[in-house]
Amino acid sequence: MTQFNAVGRRKTSTARVYLRPGDGTTFVVNGKDASEYFPVAWRRRALDQPFVATETIGDFNVVVNASGGGLTGQAEAIRLGIARALVSYNEELRKPLRDAGFLTRDDRMVERKKYGQPKARKKGQYSKR
């Protein structure tokens, strides 16, 4: 069986994406249908964006193993993984995916808490006198 796989990451989420040429009816995330795993519509739209940008909707069946983080991080990790797998399928798809920003790893993370402070940036109240 021919398949194209790639890994996408966002925050602490990791998604291993497997694209298999097919009719596009199957989109499975961690053993569940994508609409069941991501019940909110705007998260599901993030999954389809690489296919829309490359006009390959319905060309692949998708299987994803996602772990870590929250649902938004996992959805964006899956989007990056799909974009990378599409490039491994056809190198000519790199330009539209790059132009849409789907091949760029978003490396923003939560800023760590500092000692002596209640949060990362919050500080105790200053009293001059």
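## Burial of two aromatic residues

A residue counts as buried when its relative accessible area is under 20%, as exposed when that area is over 50%, and as partly exposed in between. In this predicted model, Tyr89 has a relative accessibility of 40% and therefore counts as partly exposed, whereas Phe60, with a relative accessible area of 4%, is buried.

## The pair formed by Phe60 and Tyr89

A pair of aromatic rings is described by the distance of the centres and the angle of the planes. The structure holds four aromatic pairs. The ring centres of Phe60 and Tyr89 are 4.8 Å apart and their planes stand at 85°, which is why this pair is described as edge-to-face. Because Phe60 belongs to strand β5 (residues 60-67) while Tyr89 belongs to helix α3 (residues 71-89), the pair ties together parts that are 29 residues apart in sequence.

Phe60 and Tyr89 also belong, together with Phe4 and Phe51, to one aromatic cluster.

## The largest pocket

Rolling a probe the size of a water molecule over the atoms shows where empty space is left. The largest pocket contains about 240 Å³ of space, and its lining is made up of 16 residues, of which Gly24, Thr26, Phe27, Asp48 and Phe51 lie nearest its centre. Phe51 thus appears in two places, as a member of the aromatic cluster and as one of the lining residues nearest the centre of the largest pocket.

Helices α1 (34-37) and α2 (41-54) and strand β5 each supply at least two residues of this lining, and the largest share, four residues, comes from α2. By residue type, the lining divides into seven nonpolar, six polar and three charged residues.

How values were computed. Residues are numbered from 1 along each chain as its sequence is written. This is a predicted model: local features need pLDDT of at least 70, side-chain atom pairs count only at pLDDT 80 or more; totals for chains, interfaces and linings use all residues. Side-chain values use heavy atoms; hydrogens and water are left out. Rings of Phe, Tyr and Trp (its six-membered ring) pair if their centres lie within 6.5 Å; planes under 30 degrees apart count as stacked, over 60 as edge-to-face and the rest as tilted. Buried means under 20% relative accessible area, exposed over 50%, partly exposed in between (1.4 Å probe, protein chains only). On a 1 Å grid over the protein atoms alone, a cavity is a set of points where a 1.4 Å probe fits but cannot get out, and a pocket is an open set with protein on both sides within 12 Å along at least five of seven lines; lining residues have an atom within 4 Å of a point. Grid points are joined across faces, edges and corners, and a volume is the space filled by probe spheres set on the points. Ala, Val, Leu, Ile, Met, Phe, Trp, Tyr, Cys and Pro count as nonpolar, Asp, Glu, Lys and Arg as charged, and the others, Gly among them, as polar.
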